[in-house]
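Q: I'm new to this structure and would like a close look at a single part of it: the aromatic rings and how they pair up. Could you walk me through that?

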Amino acid sequence: MTEATQGPHRVVIIGAGLAGLTAATTLVAASTERDPIDVLVVDKGRSVGGRLATRRIGDATLDHGAQFFTVRSEAFAMAVERWLAEGVVEEWCRGFGEVDGYPRYRVSGGMNRLAKWLAEGVPVVTRRRANAIIPGPDRWAVAYEAAAREPDEADSIIATPPVPQTLELLQAGATVLDGDTAQRLAAMSYHKVIAVLAELDRSPELPPPGALQRPDHPVFSFVSDNQAKGISEVPAVTFHLSHELSARLWDHDNEAVRAAIADEMATTLGPANIVEIQIQRWRYAGPIRPDGESSILAATRPGPLVLAGDGFGGSKVEGAFLSGLSAAERILAAATGHGSEH
Ligand SMILES: Cc1cc2nc3c(=O)[nH]c(=O)nc-3n(C[C@H](O)[C@H](O)[C@H](O)COP(=O)(O)OP(=O)(O)OC[C@H]3O[C@@H](n4cnc5c(N)ncnc54)[C@H](O)[C@@H]3O)c2cc1C
């Protein structure tokens, strides 16, 4: 229990993706005069969002990480209701190719806008790369890459990068994890995905709603016309290479990637021509097998250290949201004696 006289309970959250921002907004909302919580979110990226990523190429706007999301849990449904009411998200379709009646949601203006909208109410510093999580005698310290920058001290830490990156931060700070946590986390690995972004001179010939989802296709697992989706002013297509092909081409240069997909891309696009093309590599696109818990209390000394992100619980956008929520609840339970397990 934090006494007001000791100052607010200070939480540093590493990562301003959906998990980190959900944890942050939950903690900010739970802060009271009696149990004040001081939250700081840091991210190494130029902007917030992580894998909720949207890029501009000329007049084109393309989602190049997550493309859409679905809703299964009650907790996520409640948040999505609010986002729908605020006009941040919209229903995109009820299936790709085959209509199954199950809503798929898009974010108005591109997936990254959801992160920007969530970040409005919380202190976030971008372009700040943590390089170590260090346990001190009384508090944690998060050290940064720029040697000139002072570490941030915290009573609690929530780390939301993909697990292998979080493990590097813990190792760099000589943090010892409780129980068998280290072993459990060392076993986690992620799919790689290569994304190809193309601005076109005319609309591609894709069936409604302008996207193909093909988990078993050998070349492209997902193809999306961002103009038909309603986020780009001009024709622009995102291609996600299959997990197998992404892994096979990972160490090849961009020219080799283009050559390997050229025929399939031409067939998919029909008569449309490419104006500009960019390639983005996601080393940690999604966990191969997420941990069963929505978040992990990895250490309790000198204060709670909670690991979260889409590697925990259900994966994907909904999993990241639920993990952020669960992490915040763990901190609240430890810091105020309130909160419930999620
Ligand atoms: C190509 C692709 C397609 C996808 N498609 C879908 C989809 O259609 N539907 C769906 O539901 N999900 C999809 N996903 C998954 C979804 O995007 C993720 O599950 C979700 O966005 C993860 O959120 P997160 O907060 O856990 O992680 P992230 O968004 O990765 O956030 C982690 C953050 O930590 C930051 N960080 C890392 N290390 C440090 C450090 N040392 N210091 C400071 N900051 C650091 C990163 O910059 C990042 O912003 C897709 C993902 C990819 C890559």
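A: Let's start with what a pair is here: two rings of Phe, Tyr or Trp (its six-membered ring) pair if their centres lie within 6.5 Å. Keep in mind that this is a predicted model.

By this rule the count comes to 13 aromatic pairs. One of them joins phenylalanine 68 and phenylalanine 96, with 5.1 Å centre to centre and 55 degrees between the planes, so it goes down as tilted. The two partners come from distant parts of the chain, 28 residues apart. Phenylalanine 68 sits in the loop between strand S4 (60-63) and helix H2 (74-85), while phenylalanine 96 sits in the loop between strand S5 (89-93) and strand S6 (104-107). Are these two rings buried or exposed? Buried means under 20% relative accessible area. Phenylalanine 68 has 18% relative accessibility, so it counts as buried, and phenylalanine 96 is buried too, with a relative accessible area of 10%.

Now for another pair, tryptophan 83 with phenylalanine 321. Here the rings meet edge-to-face, at 5.9 Å centre to centre and with 85 degrees between the planes. Tryptophan 83 lies in helix H2 and phenylalanine 321 in helix H8 (residues 316-336), so this pair ties together parts that are 238 residues apart in sequence. Both partners fall below the cut-off for buried: tryptophan 83 has 1% relative accessibility, and phenylalanine 321 has 7%.

That pair also belongs to something broader. Ring pairs link Trp83 and Phe321 with Phe69, Phe76 and Tyr105 into a cluster.

Rings can have charged company as well, and two tryptophans show this. Lysine 229 lies over the face of tryptophan 92, at 4.7 Å from the ring centre. Over at tryptophan 250, lysine 192 lies over the face of the ring, at 5.7 Å from its centre.

One last stop where aromatic residues turn up is a cavity. A search of the whole structure finds one cavity of 30 Å³ or more, and about 30 Å³ of space lies in it. Its lining includes Tyr190 and Phe312, along with residues such as Arg51, Thr160 and Asp310. Sorted by type, the lining residues divide into six nonpolar, three polar and two charged.

Notes: Residues are numbered from 1 along each chain as its sequence is written. This is a predicted model: local features need pLDDT of at least 70, side-chain atom pairs count only at pLDDT 80 or more; totals for chains, interfaces and linings use all residues. Side-chain values use heavy atoms; hydrogens and water are left out. On a 1 Å grid over the protein atoms alone, a cavity is a set of points where a 1.4 Å probe fits but cannot get out, and a pocket is an open set with protein on both sides within 12 Å along at least five of seven lines; lining residues have an atom within 4 Å of a point. Grid points are joined across faces, edges and corners, and a volume is the space filled by probe spheres set on the points. Ala, Val, Leu, Ile, Met, Phe, Trp, Tyr, Cys and Pro count as nonpolar, Asp, Glu, Lys and Arg as charged, and the others, Gly among them, as polar. Rings of Phe, Tyr and Trp (its six-membered ring) pair if their centres lie within 6.5 Å; planes under 30 degrees apart count as stacked, over 60 as edge-to-face and the rest as tilted. Helices (H or I, at least four residues) and strands (E, at least two) are DSSP runs, numbered from the N terminus. Buried means under 20% relative accessible area, exposed over 50%, partly exposed in between (1.4 Å probe, protein chains only). A charge sits over a ring if NZ of Lys or CZ of Arg is within 6 Å of the ring centre and within 35 degrees of the ring normal.
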